[in-house]
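Here's a walk through some of the spots worth a look in this one. Have the sequence and the coordinates open side by side as you read.

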Amino acid sequence: MIKKILFTLMFPLLLNAHTLIFNALDNEDGTMEIEAMFSTGRSTEGANFKIISIATSQILYEKRIPTSGSLIVDVPKEAYTLLLDSGPGHQLEKNGDIKPKNGFQEVVIKNINFAFYFTLILSILFILLAFILQFLKIKKN
Amino acid sequence: MILENKYIKSLKISHTYLGIFAIFFFYISTFFGTLTVFKPYIATWESPSKHFQVIDKSKINLDIMITKGLKELNNPTNNVTITYPSLTEKALGMRYGFSENVYINPHTNNVLPTNHESQLLSNFFNKMHYDINMSKVGQFLMGITSIVMIFLTISGIYLWLLNRKKRAVISNFWLRWHKDLSLLMLPYIIVFSLTGAVLGIMLSLSSPFAYSASNGIETNMSKIVRPIIFSNPVKIKSENVKATMLSYSRLYDIAKINYPILNISTISLFNWNDKNARIVFRGNLINNRILTSRTNRMNIVLNGETGEVVSKATLDNTHKVSHALSAFYFFHFITDEGILVRLIYLITGIIFAIGLVFGLFVWIEKKIKKENNSYFNIISKISTAFSIGIIPATAFTLCLYWLFPFNLENRDSWIIGGFYSMWSFTFCYSVYKKDSIDAAKDFFYLNAIFLISTVFLHGNTTNLFLWNSFEQSIWDIFYIDLFLLILGIGSAFFAIKMNKIKFLNKFKGY
């Protein structure tokens, strides 16, 4: 009976409790192997795999994960992140730590999310201003 | 007797302070949850490519659409999922494994250009609902809040019964309404606090249970239970022998004849063009939507070559626990329900949110009367920004969505950041204004401006103004625009009349 109750209580966990796993293995010949799967062992076949430049946000490589669950791709010449996208709530991003033999080329960084910083600073300013106004009110009273 | 008094006093204190903690999170969750009830409609409204009429099911040409979709997906033959057009998703969706969806217009049978359409608004509202846009930390916080809500419900009922026993008359205006509204909303509160607790807390903390149940082998609960509950109805391997398939529409008709009460929502293809091809039609039962919601879909499996029925899942051969889980999810997500049930959820959500705010006012009023200091004044300002300021901030988000071009760099950050900036502005403005009721009045004006602008910006961007969607009978888009317009005008009207509403004078001085 207790087992049944426990089992019933655990059921709702099923929908979301699987996470993406993916690894990049250096083949040491200028290529790397990307392996992707869910933690449940299910294949991520069809999921979109991207290599994105850290400096420019450009997509350097994009392909769907095949049935085998692995891809062999060239190691990018500039600093990059790996992104596995298998639908809403199932995205995984990793910094690419496999470097080409001669290291990464230097690329001018253009990837500053101005919108994020601008709205963040604006929000903080409004909150600070609110507390200053309240402080002034207290002082006045 | 003294001990009993102490116990009741402690209970009242716990109810008050835990309530204050829970109100802020649960209010946000309720506000955005109420918007999320309309997620499918918002998702359509924010995708210009899906601004077309809902198609009559008899006019759907499955054969052309699926063939086009498969071509777009590079002709995969296994693990293809097709989402059948419905009231809430008007296009036919197709994906292969975990690929992104390809959408096909059922009127023209053409692939829809959804490149820049990310369903930002509906996903953002949903995220605010379940994790206040704070990922796992937010989800955990929401779970804790839901547990606190369960305690608040039980303690609230107990205190109410105690008052009834003593025949005590509640004279405090806020307390009386907080009690009445909360009691009225009791079934709603129970459903959402229980489901919220399970989804928020149990999802994050399942590993020890999995570890214990598997004798220390596995920490992932899903890995243990998923294969049992969501077992794939098609496990058969391909024979590697080419075969000619029956047409999709013919197979659809066979499925309907053999399972007439199945309301088909998805179709899956396995081993297609092979001797062992299988097509699975999944959906809910027309006569039992509660027990066949998204976690317990019924299905019928056909042989793709011959149309022969391979298997058929019915309610009788699914586990009772699956039924319970299905009902559990049904009341939270109402996935298959139409607009009527969603409108009921909207009204109950609004009443519940008002009940929550009134609970907070009981405490603020008591504290201001007792201590009369500025500390409680700022709490009332924060409450104003939380409860009323969030309304124009959300309307501003809708406005920005249609104001910014779809190809703008970092468009999502501008829109979401805009929401937070406007929300923090409302806090600043509440503090600036001496009386919160005056601030609230201006917020309703702002809300009106944003909502009315949204309707026109939407029309301008999509070339589908209110009158166009009416003429072209695109009812879902028309009603959303009309609703926003009425809400905007109503908001302005409410702001104009605010000072004359006697009831609102209760807010004066906060």
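B:Ser247 is partly exposed in this predicted model, because its relative accessible area of 33% falls between the 20% and 50% cut-offs. You'll find B:Ser247 in the loop between helix H9 (221–229) and helix H10 (248–258) of chain B. If you want a sense of reach, pair B:Ser247 with B:Leu446: they sit 199 residues apart in sequence, and their C-alpha atoms are 55 Å apart in space.

Two asparagines deserve a glance for their backbone. B:Asn75 isn't a glycine, yet its phi is positive, at about 50°; look for B:Asn75 in the loop between helix H3 (62–72) and strand S1 (80–83) of chain B. B:Asn133 also has a positive phi without being a glycine, this time about 60°. That residue is in the loop between helix H4 (120–131) and helix H5 (135–166) of chain B.

Here are some accessibility values to keep at hand.

| Residue | Relative accessible area | Class |
|---|---|---|
| B:Asn133 | 29% | partly exposed |
| A:Phe116 | 41% | partly exposed |
| B:Cys399 | 9% | buried |
| B:Cys428 | 6% | buried |

On the cysteines: B:Cys399 counts as buried because its 9% is under the 20% cut-off, and B:Cys428, at 6%, is buried as well. As for disulfides, there are zero over all chains.

Now for the inside. The largest nonpolar core has 73 residues, and B:Phe32, B:Trp45, B:Met149, B:Phe352, B:Ile390 and B:Phe419 are the ones with the most contacts inside it. Helix H12 (residues 339–371) of chain B gives the most to this core, chipping in 12 residues. Apart from this core lies another, of 36 residues, with B:Met245, B:Leu269, B:Trp272 and B:Ile300 among them.

What does B:Ile390 touch, once neighbours within four places in sequence are left aside? Its contacts are B:Tyr27, B:Ile28, B:Phe31, B:Phe32, B:Ala385, B:Phe419 and B:Trp423. Of these, B:Phe32 and B:Phe419 also appear among the residues with the most contacts inside the largest core.

Chain A has something to show on the surface. A nonpolar patch there includes A:Ile112, A:Phe116, A:Tyr117, A:Leu120, A:Ile124, A:Leu128, A:Phe135 and A:Leu136. The whole patch adds up to about 1100 Å² of accessible area. One of its members, A:Phe116, lies in helix H2 (residues 114–140) of chain A.

Terms used: Residues numbered from 1 in each chain as written. Chains lettered and ligands numbered in written order. Predicted model: local features only at pLDDT ≥ 70, side-chain atom pairs only at ≥ 80, totals over all residues. Heavy atoms only, no water. Disulfide = S-S within 2.5 Å. Buried < 20%, exposed > 50% of the residue type's maximum accessible area, 1.4 Å probe, protein only. Core = buried A, V, L, I, M, F, W, Y, C linked by side-chain atoms within 4.5 Å. Helix = DSSP H or I, 4+ residues; strand = E, 2+ residues; numbered from the N terminus. Contact = heavy atoms within 4.5 Å. Patch = residues over 30% accessible without salt bridge, like charges linked within 9 Å, V, L, I, M, F, W, Y side chains within 5 Å. Areas by Shrake-Rupley, 256 points an atom, 1.4 Å probe, with all protein chains shown as cover. Salt bridge = Lys/Arg side-chain N within 4 Å of Asp/Glu carboxyl O.
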